Every structure is written in C-alpha cells, then in structure tokens.
Amino acid sequence: MKVLGGYTNGNTRTYIMDDGTKIRETDDDEFIAAFPENIDIKITNQCDMGCPMCHENSYIDGKHGEIMKAKFIDTLRPYTELAIGGGNALAHPDLIPFLEKLKERKIIPNLTVNQTHFMREQKLIRELVSNRLIFGIGVSFNEASQDFLDTIKLYENAVVHVINGIITYGQMEFLADNDLKVLVLGYKTFRRGESYKKTAEAYIETNQTNLKCNLKDYVSRFKVLSFDNLAIEQLDVRKLMNDNQWQEFYMGDDGSFTMYIDMVTNTFAKNSIAALNKRYPLLDSIDDMFSIIREEG
C-alpha cells in the first residue's frame, strides 16, 4: 500500500492508502473529529431502475442537484472522501465538471452505481478511472452474472454492495470465493424501503436470517467483507470479533466522522435515513454543518 494522502482532524491523524484503506491514530483515549472525513453525497434523484426498496425514492424523471453551485465544496479539506451517488449519478449532466473540480481540490471521490448502469456505462467509467476522477467504485449488486464478475475484477478499487434482506443465499454463494471486496448495507426501512418491507416481509426476513447464520463463514471467502453501521446492528457483527479486533476495525458511529448531504433537496443530516426533522438546510461551510451533526449526538 502507498499513502494517497494524510491530514490532522481534531485529535486524529488520518492516512488514506491507495487501495482504499484508512488508518487513524490518536494520542488520546478516543477519536474526536473537527470535520467530516467521509461524506455521503446524493447528486441526483433521477434513475430508471425503479428498485422497489429504494430508500431515496429515485425515479425516472427525478431532479438533478445543482452541484456546481455548492459553496461548501470550497471548504472541504484535501483528501476528504466523498461517496457520490443518487439516483443514477452517471446520469447527472455536470458529473465530469464536478469531479474535475474535486480533483483540483485534492478531494477523493468514490462513485456508487447500480450493477445495470455499471455494465451499461463501461466506457464512461473507464474514462473516469483512467483520468483519476474517481478512486473507488461501489456497485450495487442485483443479478448473478459471469459477465459482471469478469468486468468488476478489472477494477482494483471496486466494491460490490449488497443489501441485507435483498441479497439471497444463492447470490452470496455466487459472489463468494472470487477474491471480491464486498460491503454489506443494512436494510433501510425508509421511503420505498418501508412500503416494500410490508409487502415482502417474509422474503426479506428469510434472506436476513440466512446471511446472519452464514456470516462467520463468509468472512474468509471474500478479499474484504465490510459493513455499514446499520448492517452491523442488524447482523450483530460485533459478536464475530474480540475486543481488540472491534477497536481496530470499527470506524465509529454515524456522525462521528461522517455525514450525509442531499444536493437535490439542499439539506444535510447525520445519515441518509435521518428523520425529516433532523435534516437541515445546507450551509456554506462544512465545519458549520458538521458542528450541528456533532451537537445532535
């Protein structure tokens, strides 16, 4: 691994490696950040997939965010990571100018796309990677396909995203033993995710049970197996680790080093499933926004 960049954040020294690894150090008993080191940012609500569990409620004629007018971008520290998504982020007409602006400021953008769009837009994605406009790509899995496996293996910093409750046992078996990086996302009971769970509760619970029962086995069958905080809670991931491992690998609660920004509604929050009364109008300074998130606790 090579160091891509580093910075001091509050009482924390943070290093970003070129394979996506993040290392934090502190001389104190706990990590206390002064600004967010990773921001989940939604740039569009337009998407032609119509996924029934979409917690963003994206649709085919959804609006694009005015991302080139965002003043807070100029207040981000170098090597801040942005997880850019939608909707279909590849459909945003200002995506490339936005990424070029981030590159000038030494921001690290990672892009999340659906498997269908990933396969459809290979020319564009290869261009973004080769020009170092994106560093990592997350691909939301929806179909077992050998073409997909062959294609995603071409990208060193690609991560397959699966949703607890949507990914089936057979699909996990299909992905396993292929030297893949996989991120398990918790099932978000929010917007369409809430209504879909009411109609497919048995299906979702069966998939969640299967994944939880086989989780220990899967740890050794992927190059990297990671979890968002919601999945950690739903799958009781803590039980797979001893205290030292937990201290080494757990990256902190939502809002401690992270936050969410919705460029379509021009709001920010602790995470993407925050209640509407916990979403606030965008401010010009990332520090001011993060301060509100930290005070929320």
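This briefing describes the sheets, selected helices and two individual residues of the structure shown above. The structure is a predicted model. One open sheet has three strands in the order 1-2-3, and another open sheet has 10 strands in the order 10-9-8-7-6-5-4-11-12-13. Helix 7, which carries a kink of about 35°, is treated separately, together with the elements that surround its buried residues.

**The three-stranded sheet**

- The pairing in the sheet with the order 1-2-3 is antiparallel.
- Strand 1 (3–9) and strand 3 (22–25) are the edge strands; each has a single partner strand, so one side of each lacks a neighbour in the sheet.
- From one strand to the next, the twist averages 15°.
- Strand 1 and strand 2 run antiparallel and are joined by six bridges; within this pairing, Gly5 has Ile16 in strand 2 as its bridge partner.
- These two strands form a hairpin with two residues between them, and Gly10 in the turn has a positive phi of about 65°.
- Strand 2 (residues 12–17) also runs antiparallel to strand 3, to which four bridges join it.
- Across that pairing, Thr14 stands opposite Arg24 in strand 3, while Arg13 stands opposite Glu25 in strand 3.
- Strand 2 and strand 3 likewise form a hairpin, here with four residues between them; Gly20 in the turn has a positive phi of about 95°.

**The ten-stranded sheet**

- The sheet of 10 strands is open and its pairing is mixed.
- Its edge strands are strand 10 and strand 13 (280–281), each of which pairs on one side only.
- Strand 4 (residues 38–42) and strand 11 (residues 258–262) run parallel and are joined by five bridges; Asn38 stands opposite Thr258 in strand 11.
- Helix 1 (residues 95–104) packs on this sheet and touches strand 4, strand 5 (81–85) and strand 6 (108–114). The direction of helix 1 makes about 175° with that of strand 5.
- Strand 8 (residues 158–163) pairs with strand 9 in the parallel sense over four bridges; His161 stands opposite Leu183 in strand 9.

**Strand 9 and its two faces**

- In a regular strand, side chains alternate between the two faces of the sheet.
- In strand 9, Lys181, Leu183 and Leu185 lie on one side, and Val182 and Val184 lie on the other.
- Both faces of strand 9 are covered, and five of its five residues are buried.

**Helix 7 and its surroundings**

- Helix 7 (residues 201–218) has 18 residues, which at 1.5 Å a residue should span 26 Å; its end C-alpha atoms are 24 Å apart, which agrees with that expectation.
- The kink of about 35° in helix 7 is centred on Lys212.
- An α-helix has 3.6 residues a turn, so residues three or four places apart point the same way.
- The buried residues in helix 7 include Ile204, Asn207, Gln208, Leu211, Leu215 and Tyr218.
- The buried residues of helix 7 pack against helix 5 (169–175), strand 9 (181–185), helix 6 (192–199), strand 10 (224–227) and helix 8 (229–235).
- Helix 6 and helix 7 pack at an angle of about 95°, and their axes are 5 Å apart. This angle makes helix 6 roughly perpendicular to helix 7.
- Where these two helices meet, Tyr196, Lys197 and Thr199 belong to helix 6, and Glu201, Tyr203 and Ile204 belong to helix 7.

**Two partly exposed residues**

- Arg294 is found in helix 10 (residues 286–296). Its relative accessibility is 33%, so Arg294 counts as partly exposed, a class that runs from 20% to 50%.
- Arg294 and Phe35 are 259 residues apart in sequence, yet their C-alpha atoms are 9.5 Å apart in space.
- Not counting residues up to four places away in sequence, Arg294 touches Ile32, Ala33, Gly255 and Ser256.
- Leu283 lies in the loop between strand 13 and helix 10. With 33% relative accessibility, Leu283 also counts as partly exposed.
- Leu283 and Lys71 are 212 residues apart in sequence, and 8.1 Å apart in space from C-alpha to C-alpha.
- Leaving aside neighbours within four places in sequence, Leu283 is in contact with Phe72, Phe268, Asp288, Met289 and Ile292.

Technical notes. Residues are numbered from 1 along each chain as its sequence is written. This is a predicted model: local features need pLDDT of at least 70, side-chain atom pairs count only at pLDDT 80 or more; totals for chains, interfaces and linings use all residues. Side-chain values use heavy atoms; hydrogens and water are left out. The expected span of a helix is 1.5 Å times one less than its number of residues. The bend at a residue is the angle between axes fitted to the seven residues ending there and the seven starting there. Buried means under 20% relative accessible area, exposed over 50%, partly exposed in between (1.4 Å probe, protein chains only). Contact means heavy atoms within 4.5 Å. Two strands pair if DSSP finds at least two bridges between them. Axes are lines fitted to C-alpha atoms, for helices over the stretch in contact, and angles run from 0 to 180 degrees between N-to-C directions. Angles under 35 degrees count as roughly parallel, over 145 as roughly antiparallel, 65 to 115 as roughly perpendicular and the rest as oblique.
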